[in-house]
Structures are given as structure tokens and as C-alpha cells.
Amino acid sequence: MATFNKINGGMRKVSFGVCYVSMAITFILMCMTIIDVVMRYFFHSGFKGNIELTEIGIALIVFLGLSFTQYVGGHVHVDIFVNMIKNLRVRFCWNGIVRIITAVFSAFVTYAVFLRAPGERTVTGVLKVPLGPVMYIVAIGMAFFTLVLFMDGLDYFLQGVSKEGPKLGKSEAEILVEEAESAVGGQ
């Protein structure tokens, strides 16, 4: 279990790092939009390629943010049927199996994007930005998401089958909110 916790801790660091890259792209897109609005207002013309760069940036934001969102439990869960399972061990095992199956499908998508990226010759219309490198970054984001999803599923499953049973502690999201509130309150 110690090895699992080390790997999970490493995945947490990677997820947060990739999320910071996603946040930086968001900030850059915000600045680009402000500059474009100001240029349109004062000069009656925006800058060339703004829409293309925004489209690429949004794709990167989404795929680089997937692993962090999974790590903190931010994805939507439809648990109507799962909540009908009264045995907590069975519920945890079921959640683990579902996440592992989802990770397998996500791995196929990641592999397909990695295979397609080298042959991608498409460029954007105005700036002629090649989309192949963007596809590699999307695939890397998907790979991190797949790993976090697999580790999450394994964690659920192992808790379901362990002697101690499932641990019902605070979620990562609740812990992060508490840390943020204490940081703001401490100023």
C-alpha cells in the first residue's frame, strides 16, 4: 500500500502541475481577448489569428485539466443506481470497476490520438499553425487523465476488498476548499 500511496502522490503532483499549465493558458487567452477587444474598439480591427489561437487554447485547457478534475472528484457522477447498493464494500468495488473500465477506454482514445498525431498535416486557416503538436499535447493530457482514473479506480476497489473496509474521510475537493479558505482567512 505504501507504493500505491507514493504513486498516487506522484500523480497528484503531476495533475496539479498540468493544471497550472492549463491555468496559464487560460490567463493568456484572457489577455488575448482583452487586447483584441481594445484593438477593435480603438482601431476597428482585432489581431490576426485570435480565433484560431483561442480554439487551440480551449482544447489545451480542457485536456490538460482533465486529470486534475478527476483527482479532486470534480467530474459529474451519475450515481442513481450505485446509491441503491446498501453494502458499502460492494459500492466501493463497483465504483472501482467502473473507473478502471473507463480508464481502459480512455487509454484506447489516448493511443489513437498518439497514433494520429505524427501524420496530422492540418494547419489553421490564417496563421498556418500545425495541429500535430497540439494533438500530442492533447494526448499527453489524456494519458495523465487515464492514469489518474486508473489509480482512482484501483483505490476504490482496494478499499472495497480490504479488511478494514472503505475509508469515509473527506474528499480531496473538500480538503482543497478548506486549505483555500484557511489561506484566505489567514491574511
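A disulfide is a pair of cysteine sulfur atoms within 2.5 Å. The structure shown here is a predicted model, and 0 disulfides are found in it.

**View 1. Cys19 and Cys31 in a structure with 0 disulfides.** The two cysteines are described here by their accessibility. Cys19 has a relative accessible area of 9% and is buried. Cys31, at 30%, is partly exposed.

**View 2. The salt bridge between Arg40 and Asp36.** The closest N and O atoms of Arg40 and Asp36 are 2.9 Å apart. Both residues belong to helix H1, which covers residues 2–43, and because they are 4 residues apart there, about one helical turn separates them. Asp36 is buried, with a relative accessible area of 7%. Arg40 has a relative accessible area of 47%, so Arg40 falls in the partly exposed class. The count of salt bridges in the model is 3, and the pair Arg40 and Asp36 forms one of them.

**View 3. The salt bridge between Asp152 and Arg99.** In this pair the closest N and O atoms are 2.9 Å apart. Asp152 is in helix H4 (residues 132–161) and Arg99 is in helix H3, so the salt bridge ties together parts that are 53 residues apart in sequence. Asp152 is buried at a relative accessible area of 19%, the cut-off for buried being under 20%. Arg99 is also buried, at 10% relative accessibility.

**View 4. The salt bridge between Glu120 and Arg116.** The side chains of Glu120 and Arg116 meet with an N to O distance of 3.3 Å. Glu120 is buried, with a relative accessible area of 12%. Arg116 has 52% relative accessibility and therefore counts as exposed, since exposed means over 50%.

**View 5. Thr110 in helix H3 and its contacts.** Helix H3 spans residues 88–116 and includes Thr110. With neighbours within four places in sequence left aside, the contacts of Thr110 are Ala139, Met142, Ala143 and Thr146. The relative accessibility of Thr110 is 7%, so Thr110 counts as buried.

**View 6. Gly65 in helix H2, shown with Phe16.** Gly65 is part of helix H2, made up of residues 50–71. A relative accessible area of 13% makes Gly65 buried. Between Gly65 and Phe16 there is a separation of 49 residues in sequence, and their C-alpha atoms are 8.9 Å apart in space.

Conventions. Residues numbered from 1 in each chain as written. Predicted model: local features only at pLDDT ≥ 70, side-chain atom pairs only at ≥ 80, totals over all residues. Heavy atoms only, no water. Helix = DSSP H or I, 4+ residues; strand = E, 2+ residues; numbered from the N terminus. Buried < 20%, exposed > 50% of the residue type's maximum accessible area, 1.4 Å probe, protein only. Contact = heavy atoms within 4.5 Å. Salt bridge = Lys/Arg side-chain N within 4 Å of Asp/Glu carboxyl O.
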